[in-house]
Amino acid sequence: MPAPLIVYLHIGYPKTGSSAIQSHISCNRGWFRRRGLLIPSTGFTAGAGHAFLLPQIVTAKDDDSRLDSSALDRLGAELDAAQRDECDSALLSWEGFAEASPAAMALLARSLASHRVVLLAYVREHGELFQSETLQHIEKLRLGRGEVLFERDQLLAGLPQNYDYHAALSRWRDAFDGALEVRTRLFDRDRLASGNVVLDFVSWLGLAPDERFSLQRDAVNVSLDTRSGSLLCLARAAGQAEPSLLSLCRALLEVIKQHGASTRDFLTSAEREEIWQHFSASTQQMFRDFAPENALPGEEGFALPLVKRNEPPALDELQFHAAVRAALARPQLETWQGNVLVRLWLSRVAAPPNVGWRGTERDGTWSRGHQSVLAFLLPETDPEEGPRALRLTIAGHYFGANSATDVIIDDHRDTLDLTRAELEIALDEAVRRDGVHVTLQHQEPGLPHGAEGDPAVDGMAFKLTYLDYNFIW
C-alpha cells in the first residue's frame, strides 16, 4: 500500500505574502511536480490558490447547512492517484482557509484523514498587519476599514477576529482532533530566506529553488502607501465614479512600482501600543503552543512596535503628482494573476489601455461598438518547466439580435457563443513577452430603447460578466 502523502495546508493570512506564494505556485506547478510535490488542480485557480476547494462555504459567516463535499471527493481521488504515482507530498493554499468555519475545517479534516496533514501559517505583528491590510482595502475600493486613516475612534473594534492567531490555529487543531501538525513562521523580511517570502516558503517545504524556478521580478499584489491611499480616499469623497477611481488606483500603483513607496506607517505609537497590548496574551500563548520556527531563542512575542520610521518620500509632492498624471495618460497593461473576475473586478482587464468597453456595472461590463479588446500580461514562467498554454474562460450574455462573436487571437479567427466559452491559448515566446491579446468583434451593436447615439460607436452587443484563466501543463 502506498505511503500516506504529506499534505501541506497553507492557510495564507492576508498580507503575509499569500498572493505572491499562490502566484508562484501557479507559475511553477510543473517544477513542484517534478520534485515530488503535487499542486492539486481540484478547486485551484491561477493566482488565488485553492479558492474553490470549498465552493459552497467560504467563511464562518456562511450557512453551514450549504456544505458541499463534491470538490473534496475529487480532491481525494486526485491525492490517491498521486500516491500511486509515487508522489511524496501535496500543497493546498488559500487565504480563505484562515477564515473557514469550524464545519468547513471538520469537512476538510475528514477528507484528508488518510494523510499526514501539516498546517503552515505565517504570522505578522498585528499593527503591521492592520496597516498593510487597510491600505490593501483602500486599493480595492472597499473603504469600510480604509477610513481609519482619518477616523480612529473604533480602532480595536475594526480588527478581524482571525487576528487572534492562537484561537484561529487552535480551531484548526481541534478540527483534526489533534492529529494536525501546526508550523508557523514570522512574516518579518529580516528573518525570511533572502528577504523573500516565496524563497522562504519553498525552503519551508524542503525544496531548493534553482535556475528553472520562475521567480517574478515584479512584486505581486502591491499595496498603496499612505500618500496614494489618502489621495484615493479624497477622490472617493469628492464623488469620483468607480471607473475614474480604478484608473487613478492603477496609476498610483504604477508610480509606486516605478519610483517606490513613501511610508506605509499611519498608526501613532500609542495606537500601535494599544493593538500590541490587546493581543499580547494571545500572542504569548501562540509562541508557547505554536512557536514560530524563525523566532529568536527566548522570544515570547512580537517585538514591541518600533517608533515610526521617518522615511523620506520616494518623490516630493510635485514629482509625485507629475508621475501620477503621466501614468494616467499612458496606462500600462497589468499582470493579471488569473483570479476570477466578476462585476467591478472585470475592470482589471476591461479598462484602458484596453478599448471597446463601457463602464463597469453591478453585474458586468458591456461591449462598446463593433470591437472590444481583452489584453493582459502574464506572470513569468519558464519555457521548459512552465505551462504550455492557458485556458481562458469567458461568460456573459448578449443584447438584442446578437448571439455570437468573432474571436481573434493572433491570426486565428473563430465565431463563438460567449455565453460560456473556453479558449485555449498557446504560450509561445510572443505571448510570454507581450501578453495575451484577444479581439472580440460584435455583429450587431445596438442601443437600448430610447437611448441616443450611434450604435456602431456606442452600441452594446455583449455583456462580460465572468472571466478567469488557468494554466495548462
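This passage describes strand pairing, helix packing, aromatic contacts and unusual backbone geometry in a predicted model. Local features were considered at pLDDT of at least 70 and side-chain atom pairs only at pLDDT 80 or more, whereas totals for chains, interfaces and linings use all residues. Residues are numbered from 1 along each chain as its sequence is written, and side-chain values rest on heavy atoms, with hydrogens and water left out.

Secondary structure elements are DSSP runs numbered from the N terminus, namely helices (H or I, at least four residues) and strands (E, at least two). Two strands are taken to pair if DSSP finds at least two bridges between them. In general, strands of a sheet pair through backbone hydrogen bonds, either parallel or antiparallel. An open sheet of 4 strands is present, with the order β9-β14-β11-β12 and antiparallel pairing. The edges are occupied by β9 (371-376) and β12 (412-416); each has a single partner strand, so one side of each is left without a neighbour in the sheet. From one strand to the next, the twist averages 20 degrees. Strand β14 (residues 436-442) runs antiparallel to β9 and is joined to it by 6 bridges. Within this pairing, Val436 of β14 stands opposite Phe376.

Strand β15 takes part in several further pairings. With β10, the pairing is antiparallel and extends over 10 bridges; Thr393 has Asp468 of β15 as its bridge partner. Strand β6 (residues 341-342) also pairs with β15 in the antiparallel sense, over 2 bridges, and here Val342 is matched with Tyr466 of β15. An antiparallel pairing over 2 bridges likewise connects β15 with strand β8 (residues 364-367), where Leu464 in β15 is the bridge partner of Thr365. Burial was assigned from relative accessible area (buried under 20%, exposed over 50%, partly exposed in between; 1.4 Å probe, protein chains only). By this criterion β15 is mostly covered, 9 of its 11 residues being buried.

Aromatic contacts were examined next. Rings of Phe, Tyr and Trp (its six-membered ring) pair if their centres lie within 6.5 Å, and planes under 30 degrees apart count as stacked, over 60 as edge-to-face and the rest as tilted. A search of the whole structure yields 20 aromatic pairs. In one of them, the ring centres of Tyr398 and Phe462 are 5.2 Å apart and the planes lie at 55 degrees, so the pair is tilted. This pair links distant parts of the chain, since Tyr398 belongs to strand β10 (residues 389-398) and Phe462 to strand β15 (residues 462-472), 64 residues apart. Tyr398 and Phe462 are both buried. One aromatic cluster is formed by Tyr13, Tyr165, Phe287 and Phe302.

Two arginines are placed over aromatic rings. A charge sits over a ring if NZ of Lys or CZ of Arg is within 6 Å of the ring centre and within 35 degrees of the ring normal. Arg420 lies over the face of Tyr466, at 5.0 Å from the ring centre; Tyr466 is also the residue of β15 bridged to Val342. The charged end of Arg185 sits over the ring of Trp204, 5.8 Å from its centre. Trp204 is located in helix α7 (residues 197-204) and, at 6% relative accessibility, counts as buried. Between the C-alpha atoms of Trp204 and Trp94, 110 residues apart along the chain, the separation is 17 Å.

Helix packing is illustrated by α4 (residues 102-111) and α6 (residues 165-175), which pack at an angle of about 45 degrees with their axes 8 Å apart. Axes are lines fitted to C-alpha atoms, for helices over the stretch in contact, and angles run from 0 to 180 degrees between N-to-C directions. The helices α4 and α6 are therefore oblique to each other.

Backbone geometry was also inspected. Most residues other than glycine have a negative phi, and most peptide bonds are trans. The peptide bond from Pro352 to Pro353 is cis, with omega near 10 degrees, and Pro353 is situated in the loop between β6 and β7 (357-361). Ser194, although not a glycine, has a positive phi of about 55 degrees; this residue lies in the loop between β5 (181-186) and α7 and counts as exposed at 69% relative accessibility. Asp410, also not a glycine, has a positive phi of about 60 degrees. The loop between β11 (405-409) and β12 contains Asp410, which is exposed with a relative accessible area of 61%.

Notes. Angles under 35 degrees count as roughly parallel, over 145 as roughly antiparallel, 65 to 115 as roughly perpendicular and the rest as oblique.
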